[in-house]
Amino acid sequence: MAKDTPMARINIIARSCGFQHKKLPITYLGAPLFSGCPSLLIFENLLVKIRQKVVGWRSKLLSQGGRLVLIRHVLSSMPIYLLSAMHFPTSIIKDSERIFSDFFWGDSNGKKRRKWIAWESICCPCSEGGLNIRSVTNVMKSFRIKQAWAIFTSDSLWARFMILKYVKSTHLSQVQFHTGCSNLWWHILKVFPFIFDNSCWVIGRGEVDLLFDNWLGSGTLCSVFPPSQPPVRTVSVQEGFDSDFQVDGISSTMRDFICRNIAVSSIRLRDDPDNFIWKPATDGKFSVKSAYNICRLRRPYQSWWKLIWFKRVPIKISVFSWKLVHSVVSVDSVIQACDVHLASWCHCCEHHQVESLHHLFISGNFARLVWRHFEDVFCIPTRNFNTVSQGWESTVAVA
Ligand SMILES: [Zn+2]
């Protein structure tokens, strides 16, 4: 409600809608409503709830695997509801991920333990060396893409309101940010390029814009042939087909380009509505999961990771193996590499050697005995590998 709205009008609106008149910020349906840029205090409540959960679990003797399960299934889910509706300030996201990370790596006598692997690297699928935890930043971005997709496709009250308020009659590809727009709209607008890059129109009646919509499948015509000045009027694909593309603003080069693409993709008009397709999904339908996958950082896929995360392996063993492959198990040589000076000798050999990951798990006397035993049982060639990950690779190769 604007500041100078007369009280009489406020009362009429309150009576008609059944709402109580309150001053912002307020909480409505579990989400804070506010005017302007969100202040950090608005989100503090969420951080308090996450911290309370962690404090409650800290007294329990949880393994790192147990803590991972709680992060994946409880802590990561806590901000989802709010993320779907509003955009968090970066500092709130960092704070929440810091709480997750502190909880995962644990503490000793109230002192935080070293975080051996950056949280960004942990936030990727197990098959890419991560821990299957979703990055809050990318979850939030995928929700903004969902809202942008709704602007493009949905006839919901919210989408119609946003279009009337911010888009009006402008084509969606030409909408610019103006000062005074809401914070949420600004973040939705920022993910529009994701929509343009990952969508196309499957032509039915050809009601979409000839120049500004991606109906050829290879980008919009105006991105291939940027117009020197805005077109005088909008031209639909149907009009283009009807006039053999002899319309204003279409040069002979553009016409050749269109005809070539139409022939290659067999595009023709049909008596169906035009269909907006989300390319990352095989069925063309948008999902937040597929949007998340295009936002996230991809790392090389390794098939042997699935052996570490095999469901019958206790999760604390899987987490230990994961740390071992990343060389972050705190043996003497790893601690020495962190500029901590200490004398080292192993306890697995008669003639003590430096306690390193390679020695303890691959080349030491005890390790060799174990490997030799399983080499015979499972026929895994273990003689030639130098790292644990090479061991997994050779196991996969034999399987
Ligand atoms: Zn040894």
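Which residues does the UniProt annotation "domain: Reverse transcriptase zinc-binding" cover? In the unreviewed entry, that annotation runs over residues 286-371. What you have on the screen is a predicted model, so please take everything I say as computed from that model.

Staying with that stretch for a moment: over residues 286-371 the chain is 49% helix and 0% strand. The C-alpha atoms at the two ends of the stretch are 48 Å apart.

Now the chain as a whole. The secondary structure comes to 20 helices and 6 strands. For 399 residues, a compact globule would have a radius of gyration near 21 Å, but this chain has 29 Å. The C-alpha trace spans about 90 × 65 × 35 Å along its principal axes. As for burial, 21% of the 399 residues count as buried. Of the contacts with a separation of 6 or more, 60% are between residues 24 or more positions apart.

The chain is divided into domain 1 (1-35), domain 2 (201-274) and domain 3 (330-398). Between the centres of domain 1 and domain 2, taken over C-alpha atoms, there are 46 Å.

Next, the interior. In soluble globular proteins, nonpolar side chains tend to be buried together. The largest nonpolar core here has 17 residues, and the members that touch the most others are Leu68, Ile71, Phe100, Phe104 and Ile133. Four elements give two or more residues to this core: α3 (64-75), α5 (90-105), α15 (305-308) and α16 (315-325). Another core lies apart from that one, with 15 residues, including Val208, Leu210, Trp215 and Cys222.

Let me take α3 on its own. Its buried residues are Arg67, Leu68, Ile71 and Leu75. Looking down the axis of α3, these buried residues fall within an arc of 105°, so they line one face of the helix. What do they pack against? The partners are α2 (40-58), α5 and α16.

From the α5 side, the residue to look at is Phe100, which lies in that helix. Is Phe100 buried or exposed? A residue counts as buried with 20 or more C-beta neighbours within 10 Å. Phe100 has 22 C-beta neighbours inside 10 Å, and therefore counts as buried. Setting aside residues up to four places away in sequence, Phe100 touches Ile71 and Leu75. Both of those are on the list of buried residues of α3. As a distance to keep in mind, Phe100 and Pro125 are 25 residues apart in sequence and 17 Å apart in space, C-alpha to C-alpha.

For contrast, go to α1. Of its 11 residues, the number buried is 0, so α1 lies largely in the open. After α1 comes Gly18, with a positive phi near 80°.

UniProt also has a "transmembrane region" feature, again from an unreviewed entry, at residues 26-48 and 69-88. In the model, residues 26-48 are 39% helix and 26% strand, with end C-alpha atoms 18 Å apart. Residues 69-88 are 65% helix and 0% strand, and there the end C-alpha atoms are 25 Å apart.

Now a few points of backbone geometry. Most residues other than glycine have a negative phi, and most peptide bonds are trans. Where is the cis peptide bond that I want to show you? That bond joins Leu24 and Pro25, with omega about 0°. Pro25 is in the loop between α1 (7-17) and β1 (26-28).

Then two residues with positive phi. Asn109, which is not a glycine, has a phi of about 55°. Asn109 sits in the loop between β3 (107-108) and β4 (111-112). With 4 C-beta neighbours inside 10 Å, Asn109 counts as exposed. The other is Asp339, with a positive phi near 65°. Asp339 is in the loop between α17 (332-336) and α18 (357-363). Why does Asp339 count as exposed? Because Asp339 has 6 C-beta neighbours inside 10 Å, and the cut-off for exposed is 12 or fewer.

To wrap up: the radius of gyration is 29 Å, where a compact globule of 399 residues would have one near 21 Å. The largest nonpolar core has 17 residues, and another core, of 15 residues, lies apart from it. That is what I have on this predicted model.

Technical notes
Residues numbered from 1 in each chain as written. Predicted model: local features only at pLDDT ≥ 70, side-chain atom pairs only at ≥ 80, totals over all residues. Rg over C-alpha atoms; globule rule 2.2 N^0.38 Å. Contact = placed C-beta atoms within 7 Å. Core = buried A, V, L, I, M, F, W, Y, C linked by C-beta atoms within 7 Å. UniProt positions renumbered as here; feature names shortened; annotations may be inferred. Domains from an automatic or database assignment. Arc of directions from axis to C-beta.
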